[in-house]
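Trainee: I should like to practise reading a protein model step by step. May we look at one together?

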Amino acid sequence: QGIHLIADGIPSQACFILPVPDSKRYFFIVPWKGKNLIGTTETEVGLYPPEPAVPKEQEVQELLRLARTYFPGWKPDVLCTITGLRPLARSAKGSTVTLSREHEFHKLREGVFSAVGGKYTTHRSFAEGFLRFIMGGKAQVKDIKPRPLPGAWSDAKERDAVRRGLLAYPFADEPVASAWLRRYGKRALE
């Protein structure tokens with residue numbers, strides 16, 4: 001389960017993706033409809049999520065504490081919360097933080113297939129891969145025309161220029177540049 005807060009009063013209209021101290025996670029603060037969206041938490045709910053999914057008080061407090069870590073003078077006015085569930089592929093070990101967001105395809109029985117995982121930002125390649133899985137590895141998938149998503153670079157030259165721009169920053173090494181390119185495309189420099 002993950003929650004987002006909609007809050008008022010942050011002294012900036014910039015977008016922030018910030019590391020969670022002592023963790024491999026990140027959280028964000030982004031302008032949203034004249035307010036700020038702060039998110040997200042990472043709470044495991046097990047096989048049977050609550051009905052309805054509602055934020056836990058410790059999740060709200062965690063996000064407020066993180067926001068105050070980076071904006072010590074900010075006293076956010078929480079207007080509302082948004083709660084969502086993210087289904088992930090099962091893993092024998094590892095937490096939801098370290099669990100891959102990659103997709104998996106399974107053949108359950110003849111003519112019945114399952115696709116799990118994936119991300120919104122990779123929905124086109126997810127769909128194409130799933131069709132290839134269903135039709136067999138050698139089948140041609142026709143009529144799926146690549147259409148760049150917002151933030152997608154037009155060619156390898158443009159991607160490499162963004163990579164060089166990222167590597168010019170002292171905090172960005174090759175793994176950071178690669179991760180940001182995967183997540184944000186040509187908008188990684190923003």
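**Reading the sheet, a helix and the rings**

Mentor: Please note that this model is predicted. We may begin with one position in a strand: D8 stands opposite D77 in β5.

Trainee: Which strands stand at the edges of the sheet, each with a single partner strand?

Mentor: The open sheet is formed by five strands with antiparallel pairing, in the order β2-β3-β4-β1-β5. A strand at the edge has a single partner, so one side of it is left without a neighbour in the sheet. The edge strands are β2 (16-19) and β5 (77-84).

Trainee: How many bridges join strand β1 to β5?

Mentor: Strand β1 covers residues 2-8, and the two strands run antiparallel. The number of bridges joining β1 to β5 is seven.

Trainee: What span should helix α3 have, at 1.5 Å a residue?

Mentor: Helix α3 has twelve residues, 156-167. The expected span is 1.5 Å times one less than the number of residues. The end C-alpha atoms are 16 Å apart, which agrees with the expected value for α3, 16 Å.

Trainee: Which residue caps the N-terminal end of α3?

Mentor: A side-chain oxygen of the capping residue lies 3.2 Å from the backbone nitrogen of K157. The cap is D155.

Trainee: What kind of aromatic pair do F113 and F133 form?

Mentor: The ring centres of F113 and F133 are 6.0 Å apart, and their planes stand at 85°. Planes over 60 degrees apart count as edge-to-face. The angle of 85° therefore makes the pair of F113 and F133 edge-to-face.

Trainee: Is F133 buried or partly exposed?

Mentor: Buried means under 20% relative accessible area, and exposed means over 50%. The relative accessibility of F133 is 33%, so F133 counts as partly exposed.

Definitions and conventions
Residues numbered from 1 in each chain as written. Predicted model: local features only at pLDDT ≥ 70, side-chain atom pairs only at ≥ 80, totals over all residues. Heavy atoms only, no water. Helix = DSSP H or I, 4+ residues; strand = E, 2+ residues; numbered from the N terminus. Polar contact = N/O pair within 3.5 Å; in protein donor to acceptor, adjacent residues only side chain to side chain. Pairing = 2+ DSSP bridges. Phe/Tyr/Trp six-rings, centres within 6.5 Å; stacked < 30°, edge-to-face > 60°. Buried < 20%, exposed > 50% of the residue type's maximum accessible area, 1.4 Å probe, protein only.
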